[in-house]
Amino acid sequence: METVEINLEDQFQARIDADISIEPKDWMPDAYRKTLIRQISQHAHSELVGMLPEGNWITRAPSLKRKSILLSKVQDEAGHGLYLYSAAETLGASRDQMLADLHSGKAKYSSIFNYPTLSWADMGCVGWLVDGAAILNQVPLCRTSYGPYARAMVRVCKEESFHQRQGFEIMQTLCEGAPEQKAMAQEALNRWWWPTLMMFGPKDADSPNTAQSMNWRIKRFTNDELRQKFVDMMVPQAEFLGLTVPDPAVKWNEARQAYDFGEVNWEEFWNVVKGNGMCNQDRLGARVKAHEEGAWVREAALAHAKKRAERAETQAA
Amino acid sequence: METVEINLEDQFQARIDADISIEPKDWMPDAYRKTLIRQISQHAHSELVGMLPEGNWITRAPSLKRKSILLSKVQDEAGHGLYLYSAAETLGASRDQMLADLHSGKAKYSSIFNYPTLSWADMGCVGWLVDGAAILNQVPLCRTSYGPYARAMVRVCKEESFHQRQGFEIMQTLCEGAPEQKAMAQEALNRWWWPTLMMFGPKDADSPNTAQSMNWRIKRFTNDELRQKFVDMMVPQAEFLGLTVPDPAVKWNEARQAYDFGEVNWEEFWNVVKGNGMCNQDRLGARVKAHEEGAWVREAALAHAKKRAERAETQAA
Amino acid sequence: RQQLFAYVLQLADTSLILGHRLSEWCGHGPILEQDLAMANIALDLLGETRSLFQYAAELEGQGRTEDDLAFLRLATEYRNPLLVEQPNGDFAATIVRQFLFDTFHYHCLVELHKSPDAQLAAIAEKAVKEAAYHLKWSSEWMIRLGDGTAESRQRLDKALATLWRYSGELTTPTATEQALQAAGIIPDYAALRPAMDAHVAHVFGEATVPVPQGVFMMTGGKEGRHSEHLGYILAELQYMQRTYPGLKW
Amino acid sequence: RQQLFAYVLQLADTSLILGHRLSEWCGHGPILEQDLAMANIALDLLGETRSLFQYAAELEGQGRTEDDLAFLRLATEYRNPLLVEQPNGDFAATIVRQFLFDTFHYHCLVELHKSPDAQLAAIAEKAVKEAAYHLKWSSEWMIRLGDGTAESRQRLDKALATLWRYSGELTTPTATEQALQAAGIIPDYAALRPAMDAHVAHVFGEATVPVPQGVFMMTGGKEGRHSEHLGYILAELQYMQRTYPGLKW
């Protein structure tokens with residue numbers, strides 16, 4: 001028995017190393033399955049919860065065009081949530097269980113959504129910075145070893161980069177607009193800059209699972225590598241917009257051919273992860289409320305489907 | 001027995017006719033008691049429900065001063081509700097039962113509160129016209145035959161005339177303000193004029209209870225008399241404000257030394273009475289909701305009072 | 001032309017306000033799939049809103065833009081029927097509101113699509129396909145809730161008791177609508193009734209729910225006499241445009 | 001002076017926003033007597049708000065009025081602590097929010113009343129009598145709900161679990177407050193704690209509820225970093241002033 005196990009594991013790793021995708025029916029180590037379920041469901045939850053901070057501005061969007069774009073974006077997020085829950089289901093997770101884990105606080109979602117959206121410019125920053133960071137995290141996942149996840153991510157990333165462009169465009173319109181609009185853009189950047197840097201997770205030294213995930217090709221870059229990429233991408237964009245990144249340590253390093261930047265406030269990071277962000281309570285509360293108040297709707301849909309099926313059977317008999 | 005009854009009834013009417021007030025412990029005919037309970041509780045309910053249309057603008061009042069005046073006014077209405085419920089309780093009615101009758105639709109409240117408040121100028125019209133009409137209805141009640149009711153009405157009327165002045169002042173400020181403010185005032189007057197004329201009730205010919213009520217000195221003027229008084233009072237005030245009363249038939253009648261005016265839309269009147277006004281559903285719904293959602297609070301207060309009383313007894317023993 | 005302007009504005013306000021209400025559900029729906037569906041319907045309505053306001057602005061010819069018309073009017077100037085400004089309530093109330101609206105909207109668009117006014121016809125042509133899907137969605141949910149569980153049935157009944165009274169306004173023409181009907185620009189609502197009633201009867205039949213009878217019908221919204229709910233919608237809807245007048249976004 | 005202006009504005013925003021929340025209850029309270037009590041407290045807070053904004057306008061000396069300051073700022077310019085912008089929730093949540101605020105408000109005013117700044121002292125003198133009544137009211141309700149029924153206790157516990165985290169901000173001085181404390185203009189919050197804690201301990205004791213321990217405290221509101229709730233408050237609060245700029249009412 002022992003030998004067979006080892007062989008399966010070896011074969012599995014060989015496929016991974018050869019960049020052959022793992023499919024739902026293939027054998028996979030338990031730890032790989034569990035890690036993937038955790039990661040995909042967390043990602044699905046993030047799409048679900050991520051609807052809230054942007055949904056917060058739909059009714060207050062400043063023009064019909066912007067309202068339309070924003071609503072469409074939030075709708076896309078709901079769609080991403082659906083693909084990702086489906087991908088996780090191919091690994092044997094049930095949506096009910098995944099949601100129960102979200103509601104109980106066992107499963108996490110991206111901490112960035114625990115920051116509030118306080119002005120219209122936040123719709124710009126969420127698109128430009130938050131989606132920008134998400135894309136950096138997610139593009140490598142389009143080549144991740146697990147097939148259904150990789151395919152879901154291809155769709156997600158395509159839409160996300162569209163969203164990111166829209167976010168940038170909101171910022172650009174503000175920065176080219178009246179002084180109060182530019183001020184609104186800068187104020188939003190001040191609030192969102194550091195939290196988006198935190199989206200890449202703890203420093204590599206504090207991220208013990210990275211090595212295994214990279215080995216399984218679930219992850220393809222380390223947290224710090226991605227964070228550096230993000231800074232290198234965003235600082236010039238902020239300059240282009242005429243905005244100032246709220247980090248006095250940001251400076252081009254000729255030797256590294258990269259931007260130096262300051263240290264993230266890890267205390268804040270861990271606080272928000274632990275549930276002490278501005279919106280943790282409201283976000284999870286909103287989701288639990290929606291789920292609980294929706295219970296009778298789901299029950300009615302099931303009951304009706306059952307009645308229909310029974311009637312069809314009776315008629316067939 | 002018969003003889004005694006008749007004597008009591010005669011004595012009662014003699015007191016009424018001599019303008020001696022009836023007090024809670026005095027003998028009174030059942031019909032008198034019932035009529036009064038109906039009238040006083042309906043009046044109390046009107047104060048309670050009447051908080052809603054004005055409460056609707058507290059959070060949106062245009063200045064801190066106006067907000068303060070409006071909030072204070074709505075607070076006074078709550079106070080009037082309390083006096084009136086107490087007055088009705090002296091006749092043996094319980095507040096719980098009166099509220100239950102309100103919530104079931106058995107007891108009425110003034111139909112005027114089934115019209116919505118749609119602009120800030122409505123706060124002016126409610127004070128100026130609605131309170132104005134209420135005062136005309138209520139001033140005679142300060143001399144009504146039932147003592148506790150008459151005394152409650154003295155307090156109520158004093159505050160109401162203060163409210164009426166404030167309402168007029170809102171209108172005056174609007175009419176002396178920018179063109180859009182004056183337009184707002186006129187638009188509100190257009191909506192409130194006819195409904196306030198309806199506040200005096202059906203035409204005398206269609207008001208069968210008036211005679212008995214006047215005989216008992218619960219009522220001292222007929223509906224049509226009061227309506228005429230109201231028109232005679234308000235038309236010059238509207239002219240002073242530079243507003244046009246939305247009734248082309250309004251014209252000074254030299255012979256009658258009074259204003260002629262058009263016919264009220266009695267179909268609308270009866271419709272709103274029957275529950276088909278714009279806000280009947282929302283108003284009653286709001287009251288029922290407040291009562292139901294407050295049940296646990298009232299229970300907690302009672303339970304705590306009981307615990308305290310028991311503890312006091314134990315200590316005393 | 002003035003009447004056509006008023007009518008197009010009325011249609012635009014209607015889809016604007018209903019879309020606003022639906023978008024309030026965003027992220028709070030009972031099932032993710034239905035969150036998606038409601039956002040989708042809201043988005044369709046918003047698209048229709050924009051076409052209508054753009055056309056209204058053109059008809060008015062005063063240089064006002066779609067955003068000026070959508071965001072910078074007073075409550076009494078909005079012309080949506082009362083139905084669409086009613087609060088979301090629970091999912092049953094949202095479904096009933098949507099079903100009553102969709103039934104009218106779809107059947108009206110089918111005819112409006114034949115209007116001699118080319119732009120109105122073109123807007124209707126695009127919208128009618130979407131409206132057909134909306135009607136299918138809300139009809140299916142009417143049936144699911146009516147013929148689902150005891151609770152869903154009770155909630156549906158309560159929603160009908162609350163909202164049915166607002167359905168009559170949809171097919172009660174205002175003076176403006178009467179003039180346009182007489183001119184053959186817009187459909188005669190009385191002629192829409194048989195198809196609408198048949199659809200309602202079919203859906204209520206499947207839902208095992210009796211069609212409400214003899215209910216007093218509320219009107220006023222299409223003439224600017226609204227419920228108190230509209231003011232709160234506008235406070236949010238207009239917030240940015242009122243706070244930052246005249247800017248580009 | 002600039003710091004005093006910022007501080008007075010912070011106090012004004014605080015009573016403005018809490019008064020706004022309380023006034024949302026108007027006509028919807030659980031008992032008419034409590035409707036009256038909440039309106040009364042809201043009215044006191046509004047009176048305090050006006051005195052404070054008037055003083056702030058004077059300190060600023062730029063010709064802005066109390067209404068300009070109250071109605072015409074952006075969300076990030078409001079300086080109220082997070083606690084007071086939290087939604088009313090059920091009556092238990094309103095009571096907890098009020099009790100936590102009143103405890104601080106009363107004890108702070110007792111000291112503020114001795115401020116060398118004469119106007120601040122005068123405002124505090126008037127407000128402290130009202131605040132004493134508010135604190136009595138909310139304390140009594142804390143006790144009734146805690147030592148009432150199982151349901152009221154459960155609701156109180158839930159409200160505490162939700163709102164206690166906002167209590168720390170009240171006594172966590174901002175840089176502005178630190179400077180004014182150092183200058184002896186406003187009380188040292190650390191010095192208020194013993195009396196506040198004793199009151200809390202007493203009330204929780206009577207209510208048979210344990211005082212929450214070791215809760216992470218949320219901050220930010222006094223520096224303009226708010227929750228999403230504030231935006232909706234402002235949409236209503238500012239509606240008229242934004243829609244009709246520069247008019248007299």
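## A tour of the two interfaces of chain B

Chain B and chain D together bury about 4,100 Å², and 70% of that area lies on carbon and sulfur atoms; buried area here is the accessible area (1.4 Å probe) that two parts lose on being put together, summed over both. This is a predicted model, in which local features need pLDDT of at least 70 and side-chain atom pairs count only at pLDDT 80 or more, while totals for chains, interfaces and linings use all residues. Residues are numbered from 1 along each chain as its sequence is written, chains are lettered from A and ligands numbered from 1 in the order in which they are written, and side-chain values use heavy atoms, with hydrogens and water left out.

**Stop 1: chain B against chain D**

Start by selecting B:T59, B:L64 and B:W296, the residues of chain B that lose the most area to chain D, together 20% of what that side buries. Now widen the selection to the whole contact (heavy atoms within 4.5 Å): 47 residues come from chain B and 49 residues from chain D.

Next, show D:E33 and B:R95 as sticks. They form a salt bridge whose closest N and O atoms are 2.6 Å apart. The rule (a side-chain nitrogen of Lys or Arg within 4 Å of a carboxyl oxygen of Asp or Glu) finds 3 salt bridges across this interface.

Which helix of chain B should you colour here? Try α3(B), which gives the largest share of the side touching chain D, 14 residues. Helices are DSSP runs (H or I, at least four residues), numbered from the N terminus. Among the elements that each supply at least two residues are α3 (64–89), α6 (147–175) and α12 (295–316) of chain B. By class, this side has 24 nonpolar, 11 polar and 12 charged residues; Ala, Val, Leu, Ile, Met, Phe, Trp, Tyr, Cys and Pro count as nonpolar, Asp, Glu, Lys and Arg as charged, and the others, Gly among them, as polar.

**Stop 2: chain B against chain C**

Now bring chain C into view. With chain B it buries about 1,400 Å², 51% of it on carbon and sulfur atoms. Select B:L118, B:M278 and B:Q281: these lose the most area to chain C in chain B, together 44% of what that side buries. The contact takes 18 residues from chain B and 17 residues from chain C.

Finally, pick B:R283 and C:E228, a salt bridge with its closest N and O atoms 2.6 Å apart. The count between these chains is 1 salt bridge. To see the elements that give two or more residues to this side of chain B, colour α10 (266–276) and α11.
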